[in-house]
Amino acid sequence: MSAALQRPVPRPGVLQIEAYVPGKSAAAPGVTKIHKLSSNETPLGASPLAKAAFAAVGQKLELYPDGSSTLLRQAIGQKFGLDPARLICGSGSDEILSLLTNAFVGPGDEGLYSEYGFLVYKIAILAAGGTPVVAMERDFRTDVDAMIGALTPRTKIVYLANPNNPTGTYIPFDEVKRLHAALPPHVLLVLDAAYAEYVRRNDYASGLELVATSENVVMTRTFSKIYGLANLRLGWMYGPEAVVDAVNRIRGPFNVNGAAIAAGVAAINDQAHVDAAVAHNDAWLPVLTEQIAALGIRVTPSVGNFLLLHFDGAKGKTAKAADAFLASRGIIVRAVGAYGLPDALRVTIGDAEANRLVVETLTAFMQAA
């Protein structure tokens, strides 16, 4: 018999987790004005209607929120033509991703995701006691053939971020359907569509249609990006009745706070604010892509509200040096070494001032001796 344990020991998998590190919020010492472009937040902020709804909740902080987020699920259902009974709300889509994994993955099971997929997938799989499996990408895009080739009898869940963070790439809906067709019926396909509102491609779809006609597909969305409610932590999921039932059984009874519910209802009903955010992104995404690429920095084509910049030692410049140089000018971007991209930086599309400063600063950086 082994020696008695001297302290509590986490179950297998937990200590393999590398904790998720959010984007930085601070610049170099002495910098007075900061442009935070590290977390893909909208430069337009939250809807004024959402802010007012949030403030109103401050008058009744002593009351528990609705444990089923009824009003928010009804608002989402009305917006997208969905049955509210097949919707779940959570503390950010991150929580929903974890709930799904805990409900369907256990020791000996595998969870599959693409090479540069969202880091939370691996964390959720390990936390549930499962084994992460990675499918290689092609040109920083999900390779459906590689995903299909990585399936095994132990696969229980497949995650597809479409568009993907941090690459900004996407795969057409026909490819999504091809991946789904290759999955056994007991394998759950999770379509992570956090950036769906930004996509302007005719061959893209977030996945609502596939969820509506399948028993093994769910779609997750977030209020943290285009709706500007990142500080409230709010997300939602649309899924088959059986999956929704399973997740509700392990979901915390008050996992979404009242302020988030109220602000979410107001935000999703303020289409004008969403349209303004889309228009801003449509205007700046191609401009920044072109101007940064002209400096000799390789830019992965993006359909989101951010760009992935590759330095690759171009002109002797490195991502680490560029990160420091940008920070010295008050521009905070995202290092993505944790994704296996040590020579790249992710830059959020900011307001006009921030965007111009990014180009000016990168120009100075690339021209410096």
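**Exercise 1. In which helix does Ser93 lie, and is Ser93 buried or exposed?**

Step 1. The structure is a predicted model, and in this model Ser93 lies in helix α3, which covers residues 92-104.

Step 2. The relative accessible area of Ser93 is 7%, and since a residue counts as buried under 20%, Ser93 is buried.

Step 3. Once its neighbours within four places in sequence are left aside, Ser93 is in contact with Thr220, Arg221, Thr222 and Gly235.

**Exercise 2. Describe the surroundings of strand β10, beginning with its burial and ending with its pairing partners.**

Step 1. Strand β10 consists of residues 306-310, and because 5 of its 5 residues are buried, the strand is largely enclosed by the rest of the structure.

Step 2. In a regular strand the side chains alternate between the two faces of the sheet. In β10, Phe306, Leu308 and His310 point one way, whereas Leu307 and Leu309 point the other way, and all are buried.

Step 3. On the side of β9 (residues 298-300), the pairing with β10 is antiparallel and extends over 3 bridges, with Val299 standing opposite Leu309; β9 and β10 form a hairpin that has 5 residues between the two strands.

Step 4. Strand β13 (residues 341-348) is likewise a partner of β10, joined to it in the antiparallel sense by 5 bridges, and here Phe306 stands opposite Thr348.

**Exercise 3. Examine the loop between β5 and α6 for cis peptide bonds, and then place Pro172 within its surroundings.**

Step 1. A cis peptide bond joins Asn162 and Pro163, with omega about 5 degrees, and Pro163 has its place in the loop between β5 and α6.

Step 2. The peptide bond from Asn165 to Pro166 is also cis, with omega near 20 degrees, and Pro166 is found in the loop between β5 and α6.

Step 3. Pro172 belongs to the loop between β5 (155-161) and α6 (173-181), and its relative accessible area of 18% makes it buried, the cut-off being under 20%.

Step 4. Not counting residues up to four places away in sequence, Pro172 touches Arg141 and Asp203, while its C-alpha atom is separated by 8.6 Å from that of Arg201, a residue 29 places away along the chain.

**Exercise 4. What are the phi values of Ser69 and Asp139, and how does the exposure of each residue turn out?**

Step 1. Ser69, a residue other than glycine, has a positive phi near 50 degrees; Ser69 lies in the loop between α1 (48-57) and α2 (70-80), and with a relative accessible area of 2% it is buried.

Step 2. Asp139, again a residue other than glycine, has a positive phi near 55 degrees; the loop between β4 (131-135) and α5 (144-149) holds Asp139, which counts as exposed at 63% relative accessibility.

**Exercise 5. Assess the overall dimensions and packing of the protein.**

Step 1. The protein has 12 helices and 13 strands, and its C-alpha atoms fill a box of roughly 60 × 55 × 50 Å along the principal axes.

Step 2. For 369 residues, a compact globule would have a radius of gyration near 21 Å, and the 21 Å of the protein agrees with this.

Step 3. Of the 369 residues, 52% count as buried, and among contacts between residues at least 6 apart in sequence, 74% join residues at least 24 apart.

Step 4. The protein exposes about 16500 Å², of which carbon and sulfur atoms supply 56%, and the mean positions of its 32 positive and 33 negative charges are 5 Å apart.

Note on methods. Residues numbered from 1 in each chain as written. Predicted model: local features only at pLDDT ≥ 70, side-chain atom pairs only at ≥ 80, totals over all residues. Heavy atoms only, no water. Buried < 20%, exposed > 50% of the residue type's maximum accessible area, 1.4 Å probe, protein only. Helix = DSSP H or I, 4+ residues; strand = E, 2+ residues; numbered from the N terminus. Pairing = 2+ DSSP bridges. Contact = heavy atoms within 4.5 Å. Rg over C-alpha atoms; globule rule 2.2 N^0.38 Å. Areas by Shrake-Rupley, 256 points an atom, 1.4 Å probe, with all protein chains shown as cover. Lys, Arg positive; Asp, Glu negative; His and termini not counted. Charge placed at Lys NZ, Arg CZ, Asp CG, Glu CD.
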